Amino acid sequence: MDLGVGGWLVLASSLAVLGMAVWAVTRLFPAAPEPDAVTLLDARLAAGQIDVDAYRRLHAELAGPVPARSEGLR
């Protein structure tokens with residue numbers, strides 16, 4: 001396959017433009033960060049999948065002790 005100098009330049013510049021386009025799209029639309037374990041645990045409590053006692057036990061295992069029961073939690 002003999003492209004010559006001009007063909008190689010066109011090929012190289014096309015690949016460079018494609019690479020810059022991919023880079024620009026990844027910068028404009030970054031992936032959403034993965035939620036951490038405590039955030040997932042909070043969501044499970046809010047959705048009613050676990051009760052407050054299970055929440056406190058699991059939270060203590062993940063991040064240390066949780067303060068005493070507040071009035072908003074049942």
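In which helix is Val 22 found? In this predicted model, Val 22 belongs to helix α1, which covers residues 4–28. The chain as a whole contains 3 helices and 0 strands, and its elements follow one another along the sequence in the pattern α-α-α.

A word on confidence helps in reading what follows. The mean pLDDT of the chain is 87, and 82% of the residues score at least 70. Among the elements, α1 has the highest mean pLDDT, at 95, while α3 has the lowest, at 89.

Val 22 also takes part in a feature of the surface. Together with Leu 3, Trp 8, Leu 11, Leu 15 and Leu 18, Val 22 makes a nonpolar surface patch of about 580 Å². For the chain overall, the exposed area comes to about 6,200 Å², and carbon and sulfur atoms supply 66% of that area.

Turning from the surface to the interior, 12% of the 74 residues count as buried. The largest nonpolar core consists of 6 residues, namely Leu 41, Leu 45, Ile 50, Val 52, Ala 54 and Tyr 55. Two elements, α2 (37–46) and α3 (52–63), each give two or more residues to this core. The most comes from α3, which gives 3 residues.

Taken together, the model can be followed through two sets of nonpolar residues. One is the surface patch that includes Trp 8 and Val 22, the latter being a residue of α1. The other is the largest nonpolar core, with Leu 41 and Tyr 55 among its members. Helix α3 gives the most residues to that core and is also the element with the lowest mean pLDDT, 89.

Methods: Residues are numbered from 1 along each chain as its sequence is written. This is a predicted model: local features need pLDDT of at least 70, side-chain atom pairs count only at pLDDT 80 or more; totals for chains, interfaces and linings use all residues. Side-chain values use heavy atoms; hydrogens and water are left out. Patches are made of residues with over 30% relative accessible area and no salt bridge: like charges are joined within 9 Å, nonpolar side chains (Val, Leu, Ile, Met, Phe, Trp, Tyr) within 5 Å. Accessible areas come from the Shrake-Rupley method with a 1.4 Å probe; for residues, only the protein chains shown count as cover. A salt bridge is a side-chain nitrogen of Lys or Arg within 4 Å of a carboxyl oxygen of Asp or Glu. Helices (H or I, at least four residues) and strands (E, at least two) are DSSP runs, numbered from the N terminus. Buried means under 20% relative accessible area, exposed over 50%, partly exposed in between (1.4 Å probe, protein chains only). A nonpolar core is a set of buried Ala, Val, Leu, Ile, Met, Phe, Trp, Tyr and Cys residues joined through side-chain atoms within 4.5 Å. pLDDT is the predictor's confidence in each residue, from 0 to 100.
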